[in-house]
Each structure stands twice: as structure tokens, then as C-alpha cells.
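Biologist: Could you take me through this chain with the sequence and structure side by side?

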Amino acid sequence: MSAMKDQPPRTTPSRYPKRAHHDAATIYPILDEALFCTMSFVWEGRVRSIPQSIVRVGDAVYFHASVGSHFFRSLAQLDEVCITVMLADDIVVAKTAFEHSINYRSVVVWGKPEVIEDHDEKYAAFKELTEKMVPGSWDYLIPMTDKEMAKTLAIKVPLTEASAKIRQGPPSPHESEREVWTGLIPIKPLRGAAVAGPGAEGIELPLHLRGRRVE
């Protein structure tokens, strides 16, 4: 892992700066756990925001879209995009509504998007994204064709400027002695049982889909 050095001031939050982290050992696992992100940028004088699936490979994050996507085709012309992810772990229930909070792990990335033309790099990114979404599925599925590859646009953003911000733990202490329940309500996502699609009702569920859960 490469540490992100010489970070500019914008990677340090103005509120609770002690919760910020700039090391790859903290940032990368959050990106690896997050299935989705929001990509924001300015195009033709207007702010755009696109929810998108995300995968990290090495020191970069990758995205995919149809080659017909107006927004994604415009990304290659930009100097910078901002990518954000947030993993919410618990609702923090305090003695007062003012002190309620969320236990979370978040990452903000700034970088210049690059369109991937190299076939092998593009193929590897698609494989990693597929395996992230449905672990163990790549070798089970019908192989991706060159025609499908040509119809899909791959975007890469190097992880050269990024920061994480994390809040974990119980509610903050409150001076009042009034008895009020405080604690945590876990809200981590879970993967439910797979549901067969049309035409697949009689096909045995493959091993990689049996009993898989997100902890």
C-alpha cells in the first residue's frame, strides 16, 4: 500500500479533524467494503453527481458505464472529480437529540479521471468489480465477450489525494443525571437469500450464492 503524502488542506475536515486519516491502511479497506459511491464534478458550469458502483484495484478506483453515457464520456475531459463513500455502522442514541450521532467510516477522493483503453487492464477491472459484487461468480458466469467489452466504458481515478473520516464508539457523556437510555442501534447492511429470476427457478443455486451474508 502506498501512503498518501503531502495532502493539501482540503483533505482535513474543519470539524473533528482528529477523526481524519490519510494512510492507505485506513482508506483502502473502507473503499474495498463500499459497494457504491457518489461521483461529483462540474460540467458546463453545473454540478453533477452520479451514484456508481466502485472497485479498488491497487492504487486506483475503477468505474464502468455504457459507452453511450453522456456523463461518463465527459469525464475524460475533466481535470478533477470528487468521489465519496460512507459506511454507516450504528445510530448513536444519546441522552439528548442534539448529541445523537452516527458511527460511520467515510472516504473522500479527488483525482483526474482516465479512460482505460488497455484491454487487459479493462478486463481485470470488470472482473474485480464483478467479484466484489458477487464473490465467486466470475468463473461461473458466461465469459464476457469482446463485443461487450467494446460497449462498456471503464474509468480509472488514481488514489493520490484522499482522506478518511471515522466516528466509532458510544454516545458522548452528558452531565445530566436523568435516567435516559443510551446506546447503539446497528444498521450494517445484510445480504438476503438469493431469489431466482425468470427461467432460473429450476436451476440449482450455485455454491457461491449459498448462505452468503455481509457481516
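Modeller: The questions below deal with a helix, a sheet and one residue. This is a predicted model, in which local features need pLDDT of at least 70 and side-chain atom pairs count only at pLDDT 80 or more, while totals for chains, interfaces and linings use all residues. Residues are numbered from 1 along each chain as its sequence is written, and side-chain values use heavy atoms, with hydrogens and water left out.

Biologist: Which residues of α3 are buried, and why are they on the same side of α3?

Modeller: Helices here are DSSP runs of H or I with at least four residues, strands are runs of E with at least two, and both are numbered from the N terminus. Buried means under 20% relative accessible area (1.4 Å probe, protein chains only). The buried residues cover an arc of only 130 degrees around the axis, taken from the directions from the helix axis to the C-beta atoms, which puts them on the same side of α3. They are Lys122, Ala125, Phe126, Leu129 and Lys132.

Biologist: Which strands stand at the edges of the open sheet?

Modeller: Four strands form the sheet in the order β4-β5-β9-β8, with antiparallel pairing, where two strands pair if DSSP finds at least two bridges between them. Each edge strand has a single partner, so one side of each is left without a neighbour in the sheet, and these strands are β4 and β8.

Biologist: What is the relative accessible area of Asp89?

Modeller: Asp89 lies in strand β6, residues 81-93. Leaving aside neighbours within four places in sequence, Asp89 has contacts (heavy atoms within 4.5 Å) that include Tyr104, Arg105 and Lys188. Asp89 is buried, and its relative accessible area is 3%.

Methods. Buried < 20%, exposed > 50% of the residue type's maximum accessible area, 1.4 Å probe, protein only.
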